[in-house]
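Please open the model in a viewer and keep the sequence panel visible. The tour below proceeds by selection: choose the residues named at each stop, then compare the display with the text.

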Amino acid sequence: MELPQLDDLYRDAILDHRRNPRNSDKLDNATIIGDSVNPFCGDEIHLQVDLDADGRVERVGLQSEGCSINQAAGSMLTEAVVGKTLYEIDHLVQTFKLMMQGDSDAETRLSDENDLKSLIGVRNYPVRIKCVLLSWSALEDGVLSYRRSSEAG
Ligand code: ZN
């Protein structure tokens, strides 16, 4: 699928992540695992997260298939989560979703996340917002099942 017409600056960041995906190596025996599929455009996300002793994200692996927006957004997510606690990730996920829904306050709060903000242009293409959010739902699902299993165990 073609990239939508985006502001050049944003387009460059997206193309860069698309061509050079960050943290794309699969992690074996990861603490947190999340998978998401979007049948609409054949997008797939497979996410693994390892936490360090302080509960911060130490390593992340993300493998994606499908459209460019999905792949670029997934790569950007991996850079945004490294070093964060799960609590901070909860906030980031919520803020990022709000930004994609058009919330200008959330946009301001993400001012340090330049790559993530490059996805703002995709808001003009509602059908593609799902492609941006697929990796974020994989992350949310993964964190949720991790919390469930650690409470149970
Ligand atoms: Zn897609």
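The stops below lead from the metal site to the strands, then to a histidine and the salt bridges. Please bear in mind throughout that this is a predicted model.

**Stop 1: the zinc ion**

Select the zinc ion and show the side chains around it. Which residues coordinate the zinc ion? The donors are the SG atoms of C41, C67 and C131 together with an OD atom of D43, at 2.0 to 2.3 Å. Along the sequence, these donor residues follow the spacing C-x1-D-x23-C-x63-C.

Next, locate C41 and C67 on the chain. C41 belongs to the loop between strand 1 (32-38) and strand 2 (43-51), while C67 belongs to the loop between strand 3 (57-65) and helix 2 (68-81), so the pair ties together parts that are 26 residues apart in sequence. Are these two cysteines, C41 and C67, buried or exposed? Both C41 and C67 are buried.

Now display the angles at the metal. Among the four donor atoms of the zinc ion they run from 88 to 143 degrees, and the site is irregular. The reason lies in the upper limit: a tetrahedral site requires all angles to lie between 85 and 135 degrees, and the range at the zinc ion extends to 143 degrees.

**Stop 2: strands 1, 2 and 3**

Select strand 2 and colour it separately. Of its nine residues, seven are buried, so strand 2 is mostly covered. Add strand 1 to the selection: strands 1 and 2 run antiparallel and are joined by seven bridges. To see one position in this pairing, select D35, which stands opposite H46 in strand 2. Then move to the hairpin of strand 1 and strand 2, where four residues lie between the strands. In this hairpin, G42 takes a positive phi near 75 degrees.

Add strand 3 as well. Strand 2 and strand 3 also run antiparallel, with eight bridges between them. E44 has E65, in strand 3, as its bridge partner. The hairpin of strand 2 and strand 3 has five residues between the strands, and there G55 takes a positive phi near 80 degrees.

While the strands are displayed, one general point helps in reading them. In a regular strand, side chains alternate between the two faces of the sheet.

**Stop 3: N29**

Select N29, which is found in the loop between helix 1 and strand 1. With a relative accessible area of 78%, N29 is exposed. Draw a distance from its C-alpha atom to that of D50: the two atoms are separated by 8.7 Å, although N29 and D50 are 21 residues apart along the chain.

**Stop 4: H17**

Select H17 in helix 1 (residues 8-19). H17 has a relative accessibility of 1% and therefore counts as buried. Which side chain makes a polar contact of 2.7 Å with the side chain of H17? The partner is D115. Show the neighbours of H17 too: leaving aside residues up to four places away in sequence, H17 touches R22, A72, S75, M76, E79 and D115.

**Stop 5: the salt bridges**

How many salt bridges does the structure hold? There are nine. Begin with R22, already met as a neighbour of H17. R22 forms a salt bridge with D16, and their closest N and O atoms are 2.7 Å apart. R22 is partly exposed at 22% relative accessible area, and D16 is likewise partly exposed at 32%. Add E79 to the selection, since D16, R22 and E79 are linked in a network of salt bridges.

Select R147 and D90 next. Their salt bridge has its closest N and O atoms 2.9 Å apart. This pair links distant parts of the chain, with R147 in helix 6 (residues 126-152) and D90 in helix 3 (residues 86-100), 57 residues apart. R147 is partly exposed at 29%, as is D90 at 30%.

Finally, select R123 and E107, a salt bridge whose closest N and O atoms are 3.3 Å apart. R123 sits in the loop between helix 5 (114-117) and helix 6, whereas E107 sits in helix 4 (residues 104-109); the two are 16 residues apart. R123 is partly exposed at 22%, and E107 is partly exposed at 21%.

Terms used: Residues numbered from 1 in each chain as written. Predicted model: local features only at pLDDT ≥ 70, side-chain atom pairs only at ≥ 80, totals over all residues. Heavy atoms only, no water. Salt bridge = Lys/Arg side-chain N within 4 Å of Asp/Glu carboxyl O. Buried < 20%, exposed > 50% of the residue type's maximum accessible area, 1.4 Å probe, protein only. Donors = N, O, S within 2.8 Å, 3.2 Å for Na, K, Ca; no water. Tetrahedral: all angles 85-135°; square planar, octahedral: opposite > 155°, others 65-115°. Polar contact = N/O pair within 3.5 Å; in protein donor to acceptor, adjacent residues only side chain to side chain. Contact = heavy atoms within 4.5 Å. Pairing = 2+ DSSP bridges.
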